[in-house]
Amino acid sequence: MRDTACADFLARAGWAEARRAPLAGDASNRRYERLARGTETAVLMDADPARGEDVGPFIAIARHLTGLGLSAPAILAEDATQGFLLLEDLGDALFARVLADDPGPEDTLYAAATDLLADLHRTAPPAGLAAYDAETMADLACLPLQWYLTGLGRPAPEAEIAAFRATIRTLLESTAPPSVMILRDYHAENLIWLPDRNGTARVGLLDFQDARVGHPAYDLVSLLEDARRDVAPALQARMRARYVARTGSDPDAFARAYALTGAQRNLRILGVFARLCLRDGKPGYLRLMPRVWAHLMTDLDHPALADLRDQALRLLPPPDPDRLARIESRCARRP
């Protein structure tokens with residue numbers, strides 16, 4: 001049935017005879033294919049509503065970003081009801097792939113991505129975008145206490161979860177309120193290098209449908225504290241300084257917010273990666289957890305986060321090989 005609906009969509013879009021090849025997906029239930037029609041290519045997104053997917057946010061954010069002159073993929077055809085999109089093909093030059101082949105242009109790529117955030121943050125978020133507020137962020141920061149510890153056979157008592165949530169929520173409420181659009185998955189495997197374009201349009205954007213209104217530090221943390229590739233501390237420091245200079249931010253306040261949003265993000269990722277294994281049968285994300293843990297420890301070194309650090313180290317053991325093997329042994333069986 002889904003295959004028939006997809007074929008009908010492609011026929012209406014004029015791509016019925018295209019050659020089709022699968023593209024790597026992400027942690028969601030969305031499926032991607034590259035289509036080829038002569039010398040033309042496009043990308044099919046198959047986001048089945050029956051599996052909880054909704055292309056509406058992707059459409060809205062993509063059009064907002066392209067309206068700002070940024071390089072989100074143009075939408076060539078859509079069927080929002082069925083969950084099909086035909087997208088501009090931005091190519092395969094993911095930052096991670098480009099830099100794996102030649103790390104020489106690393107500063108150039110990261111500077112362009114940092115400048116894009118500074119420019120984006122000077123524009124108003126689109127109307128109706130939900131806030132990534134202190135309450136939401138604090139709830140998500142508790143995910144490792146629920147999923148990671150459950151995978152180790154030692155779930156945290158509700159009282160300890162509540163105390164941890166209260167600590168991080170208080171910290172988040174003491175920083176600047178959500179004010180800019182954050183894309184939330186802004187990292188080297190979601191950014192495409194487009195050197196033939198100009199300025200920040202050289203950065204192709206993917207996977208932004210979960211955008212919210214949040215703190216300006218959030219996406220910079222996502223870029224520099226990457227779960228999937230190492231970014232040297234010196235490069236991180238240069239890009240943070242570049243963002244602060246470009247936006248006129250207060251350096252001390254931004255450093256505190258960067259550490260806090262980084263700690264929240266890395267806590268959330270630890271919980272999500274454990275959940276992807278235990279609930280969704282995707283153990284591959286476990287191998288990324290030691291890098292995420294290292295980012296978390298760096299963030300928690302900020303003096304303002306001392307109480308949060310004490311609680312985190314008391315409740316959460318490091319994801320060493322034995323603990324990760326224990327979680328993997330409980331991995332859900334995929335249907």
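User: How do you know that β4 and strand β5 pair?

Analyst: In this predicted model, β4 and strand β5 (residues 84-88) are joined in the antiparallel sense by four bridges. Pairing requires at least two bridges between two strands, so the four bridges of β4 and β5 meet that condition. Within this region, A77 stands opposite L86 in β5.

User: What makes β1 and β4 the edge strands?

Analyst: The sheet is an open one of five strands, ordered β1-β2-β3-β5-β4, with antiparallel pairing. Both β1 (19-23) and β4 (75-79) are edge strands because each pairs on one side only, where pairing again calls for at least two bridges. Direction ignored, neighbouring strands of this sheet are turned by 20° against each other on average.

User: Which helices lie on this sheet, and at what angles do they run?

Analyst: Helix α1 (residues 2-13) lies across β1, β2 (31-37), β3 (40-46), β4 and β5, and runs at about 45° to β5. Helix α2 (residues 56-67) packs on the sheet as well, where it touches β3, β4 and β5, and its direction makes about 155° with that of β4.

User: Why is α5 called oblique to α10?

Analyst: The axes of helix α5 (residues 134-141) and helix α10 (residues 251-278) come within 8 Å and cross at roughly 45°. Angles under 35 degrees count as roughly parallel and those from 65 to 115 as roughly perpendicular, and because roughly 45° belongs to neither range nor lies over 145, α5 is oblique to α10.

User: How do you know which residues of α5 and α10 meet?

Analyst: Contact means heavy atoms within 4.5 Å, and by that test M137, L140 and A141 in α5 meet T261, Q264, L267 and R268 in α10. The residues of this contact divide into four nonpolar, two polar and one charged.

User: What makes up the contact between α11 and helix α12?

Analyst: The axes of α11 and helix α12 (residues 306-315) come within 9 Å and cross at roughly 145°. W293, M297 and L300 of α11 make the contact with L308, R309, A312 and L313 of α12. By class, the residues of the contact of α11 with α12 are six nonpolar, no polar and one charged.

User: Why is the space lined by L183, D185, Y186, N190, L191, L205 and L206 called a cavity?

Analyst: This space is called a cavity because a 1.4 Å probe fits in it but cannot get out. The structure holds one cavity of 30 Å³ or more, and the largest cavity has a volume of about 30 Å³. Its lining has five nonpolar, one polar and one charged residues.

User: What is known of the second largest pocket, and which residues are closest to its centre?

Analyst: About 340 Å³ of space lies in the second largest pocket. Its lining has 18 residues, of which E225, Q236, R240, Y258 and T298 are the closest to the centre. At least two lining residues come from each of α9 (233-247), α10 and α11 (289-300). By class, the lining of this pocket has nine nonpolar, four polar and five charged residues.

Key. Residues are numbered from 1 along each chain as its sequence is written. This is a predicted model: local features need pLDDT of at least 70, side-chain atom pairs count only at pLDDT 80 or more; totals for chains, interfaces and linings use all residues. Side-chain values use heavy atoms; hydrogens and water are left out. Axes are lines fitted to C-alpha atoms, for helices over the stretch in contact, and angles run from 0 to 180 degrees between N-to-C directions. Ala, Val, Leu, Ile, Met, Phe, Trp, Tyr, Cys and Pro count as nonpolar, Asp, Glu, Lys and Arg as charged, and the others, Gly among them, as polar. On a 1 Å grid over the protein atoms alone, a cavity is a set of points where a 1.4 Å probe fits but cannot get out, and a pocket is an open set with protein on both sides within 12 Å along at least five of seven lines; lining residues have an atom within 4 Å of a point. Grid points are joined across faces, edges and corners, and a volume is the space filled by probe spheres set on the points.
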